[in-house]
Structures are given as C-alpha cells and as structure tokens.
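Welcome, and thank you for taking a look at this structure. Below is a short briefing to help you find your way around.

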Amino acid sequence: MLLLSAPMGITLANPSTAEITYRGVFDCFEQSLSYPKDGSKPVFCEPSAIIQAGNQLYIAIDRLVRTHKLYFKGTGNREQGTEKCPNSFGDCYIASDKDIPGASSVMTAELDGNILNRTGYVEVPKVKQQSKAEDFALEQGKGNRVFLTSGFDRVFLDDASKDSYNTLLTWEVGKEEKAQVMEPTGFPASSLSLRPRFLRALTTEKFPSGAPYWKVEGLAMIPKGKMLFGIRELGTNFKDFDYTLELVASEWKGKNHQHLGNFKRVYKYDPQTHPQIDFPVGLSSVAWDKYHQQLLITTSYELGDRDTDIGAYLWTLSLDDLEAQKPPTLVTKSNGEPLLFAHKTEGIIALSATKLLAIHDDDRVVGDSQIDYPEREFFRERYQGAYSLVEWR
C-alpha cells in the first residue's frame, strides 16, 4: 500500500501567489559548436531538468551528449576535456534532452546572485549511455542520492537500439562515477524492465490493458521513500496521444538502491478543466518542495514554432490533496492572473522557502530580440538555455 500523506506533526502550507523576479540565459556550450563532419548542423541547448543536491546543482539536457570530436567553425576539431564539479555554495546539476557533441547530457552549474553559469560536465559512462534525460529527483531525509529518469517514450521490440530511452539512473551526490542503472536489463544496461509496470499502472477506458504509449517528464522523491513519476502524454503512439497530468507512484527498495516496488497511478487531473487555462497543456516537471511539504508541478503547451506559441504554468499540490484527489492549486500573480512563463518550463526546484529556480526547454525556438511582452516573448541564442527566478508573495 502506498501511503502518500505527509509526516505527522508537519503543517502543510500552499503559497499560491508568486512573481517572476528575474529572467536570464546561460551558455550550455561554446557559441561556435556544431555537429561533426561539415559543421553545418547547429546544436541547440534544450535543458530539461535541474536539481540542487547539497552543494551541487545538476542540469540535464533531454538528448544524450555524446563524447567525440567537436567541430568549431574557424578552429577545426578538438577534444572536449572533463571539468571537475565544484563544491561551492549554489552549485547544481543540469541535464539536457538533446545531443551536445563532445560533452555529457548532465552539466554542473552554480547560481551567483541571479546569474546561472555552467561549471562543467558529468563525464561518466552510465550517464552518457542514457538517452533523453527528462527529470531529476533527490532522496528525502539524508538528501545524498540523486535520480535521473529518461522519457520511457520509445522502444523497439525487435532490437535494443532504443533501450537507452528507458533508463532510470541513481548516484550519490559527488560520486557520479558510481552511477547505477535501476532495475538493470540487457547490455548496455537500461531500465527496460520497468515498462510492464508502467503499462499496468496506465490503464484507461480506451486501453484497459494499459496505454501502448506514454511519456515521463517528471520525477520526484517524497518522504518515506516514495518515488513519483509525472506523465505528460498518454495514447496510441507519439503522433496520437492526449496531454495529461498524472502521477505514478512506486517504493524505493533494496540496499543497493537498484530496485522499485509495484507501480500505481495515484493521481490524475485534467488542467483544461481549470477556468484560467487557455491552452492544451501537459505535465512538464514535478519536484518536491521540502520547505512547504508540497509538490511543485509545471504544465506546458506547444502550439507552434514561435516564442509566443509556447509557455508554461506553475501549480502546487499538497500530499493531503493528492491523497484526496483534489485539484492542484494554480499559482497566480498578485492580480489573480496565472503566473505564466514565456518558455516551455521543464525543470523547477525550491532554492529556499521563498525562492524557486525554473529552467526551460524551448526546443529550437530562439525568439526575437525585440521583446515587448516578457510574459509571452523571449530571446536566446541557440547555444543558450533560459531560466527564471520566482519568489513567493
């Protein structure tokens, strides 16, 4: 039985009013980086996950970043070296969901005031074998173990070429070289064995035996060793699906940190039923806010290839409301309008009891340098990722 209510003696509080206090960009890689061969294919920064683990900030890009020779226009090929992860206050891990040649899909970064800077890459084999990283989670309590999930949104039945898209990684903070694949299957190891558990948990009226297609875009560890996977898409295949906001829960088991218990869908909500949501949105990240004992959930929309065609909303959900299947709380500005990100937000963390940090995966949308309405417009270079600082009011 998966008990999801909050620990006894803790009073849950859901702050519901916030303001975006800073909008910035950081460099994922050098400006001149492009894919090898003729260098004609540009590389885009698409950060998809962020976590603060002790003194480390990790950011992930949701496509694997292969290590091989880089092509820099005007400089030819050179090898990318490994940078050590710093241990100063404010460091984090960042992950990417797109290939960045010569690096890793997981980077380290630090926040200095309002300025976010990449400080290095996590260059270890297990991390580089994972494809399409989507979200981080941090062990609650001790807080010394990091988890990183892929999307679990593609697989080939007749070969193993897509197995790496079905991978859940874990490592102790600062010990990335000892990263492990949870529920390892095959070689190189993936977490393919988790797919039947997702299938049994994601039944619908249309698919009583489980939907054949789903996409994981959120991951959170909550108290008592419970892990929550956030589901964004559910349907027949990657072209025929519905956006959704669902949570699938499991229990973390085993002394070697490699096993999960049974999967169970514990929450489902249709954001389109909220009167202030104007676009079809799906879950794009989920995180545990230890300061308020609540979940932070982002939902995003993708209507086209302009900056005004994408955006995201922020929600909160207490464990009591999750247990009772109550709607999440839409975070609004002081005037009552929804807090709206101009970007496709895919990662968010609570830096303190008053401040949040969100990172955005805008795919290949770079926007326009002429910004008149920052809540719907933005600009970045292709080698840059966007982020926002949010404060509760």
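**A first look**

Let us begin in a loop: Lys-132 sits between helix H1 (125-129) and strand E10 (133-138). Please keep in mind that this is a predicted model. In the protein chain there are three helices and 26 strands, and 56% of its 393 residues count as buried.

**Confidence and overall make-up**

- The protein chain has a mean pLDDT of 86, and 85% of its residues reach 70 or more.
- Residues 8-12 have a pLDDT below 50, and this stretch has seven contacts in the model beyond near neighbours in sequence.
- Residues 64-89 also have a pLDDT below 50, and here the model shows 85 contacts beyond near neighbours in sequence.
- Among contacts in the protein chain with a separation of 6 or more, 64% are between residues 24 or more positions apart.

**Loop residues worth a visit**

- Lys-132 has a phi near 60 degrees, a positive value in a residue other than glycine.
- Is Lys-132 buried or exposed? Lys-132 counts as buried because its relative accessibility is 5%, which is under the 20% cut-off.
- Glu-183, in the loop between E13 and H2, has a positive phi as well, near 50 degrees, and it is a residue other than glycine.
- With a relative accessibility of 10%, Glu-183 counts as buried.
- Pro-188 is placed in the loop between E13 and helix H2 (195-201), and the peptide bond leading to Pro-188 from Phe-187 is cis, with omega near -5 degrees.

**An open sheet of four strands**

- In which order do the four strands of the open sheet come? The order is E10-E11-E12-E13, and the pairing is antiparallel.
- E10 and E13 stand at the edges with a single partner strand each, so one side of each has no neighbour in the sheet.
- Strand E11 (residues 145-150) and E12 run antiparallel and are joined by five bridges.
- Along this pairing, Arg-145 has Glu-172 in E12 as its bridge partner, while Leu-148 stands opposite Leu-169 in E12.
- E12 and strand E13 (residues 180-181) also run antiparallel, joined by two bridges; here Thr-170 stands opposite Gln-180 in E13.
- How many of the five residues of strand E12 (residues 168-172) are buried? Four of them are, and the strand is mostly covered.
- As background, side chains in a regular strand alternate between the two faces of the sheet.

**Two strand residues, one buried and one partly exposed**

- Thr-316 belongs to strand E21 (residues 310-318) and is buried, with a relative accessible area of 0%.
- Which residues are in contact with Thr-316, leaving aside its neighbours within four places in sequence? They are Asn-14, Pro-15, Gln-294, Leu-295, Leu-296, Pro-328, Thr-329, Val-331 and Trp-392.
- Val-25 lies in strand E1 (residues 18-27) and is partly exposed, because its relative accessible area is 33%, a value between the cut-offs of 20% and 50%.
- Val-25 and Leu-116 are 91 residues apart along the chain, yet their C-alpha atoms are separated by 7.4 Å.
- Not counting residues up to four places away in sequence, Val-25 touches Leu-116, Phe-379, Arg-380, Gln-384, Gly-385, Ala-386 and Tyr-387.

**The second largest pocket**

- How much space lies in the second largest pocket? The answer is about 410 Å³.
- This second largest pocket is lined by 26 residues, and the closest to its centre are Gln-52, Leu-138, Gln-140, Trp-288 and Lys-290.
- Several strands supply at least two lining residues each: strand E3 (47-53), E10, strand E14 (213-222), strand E19 (282-289) and strand E24 (345-350).
- The lining of the second largest pocket is made up of 16 nonpolar, five polar and five charged residues.
- E10 therefore appears twice in this briefing: E10 stands at an edge of the open sheet, and E10 supplies at least two residues of the lining of the second largest pocket.

Terms used:
Residues are numbered from 1 along each chain as its sequence is written. This is a predicted model: local features need pLDDT of at least 70, side-chain atom pairs count only at pLDDT 80 or more; totals for chains, interfaces and linings use all residues. Side-chain values use heavy atoms; hydrogens and water are left out. Buried means under 20% relative accessible area, exposed over 50%, partly exposed in between (1.4 Å probe, protein chains only). Contact means heavy atoms within 4.5 Å. Two strands pair if DSSP finds at least two bridges between them. On a 1 Å grid over the protein atoms alone, a cavity is a set of points where a 1.4 Å probe fits but cannot get out, and a pocket is an open set with protein on both sides within 12 Å along at least five of seven lines; lining residues have an atom within 4 Å of a point. Grid points are joined across faces, edges and corners, and a volume is the space filled by probe spheres set on the points. Ala, Val, Leu, Ile, Met, Phe, Trp, Tyr, Cys and Pro count as nonpolar, Asp, Glu, Lys and Arg as charged, and the others, Gly among them, as polar. pLDDT is the predictor's confidence in each residue, from 0 to 100.
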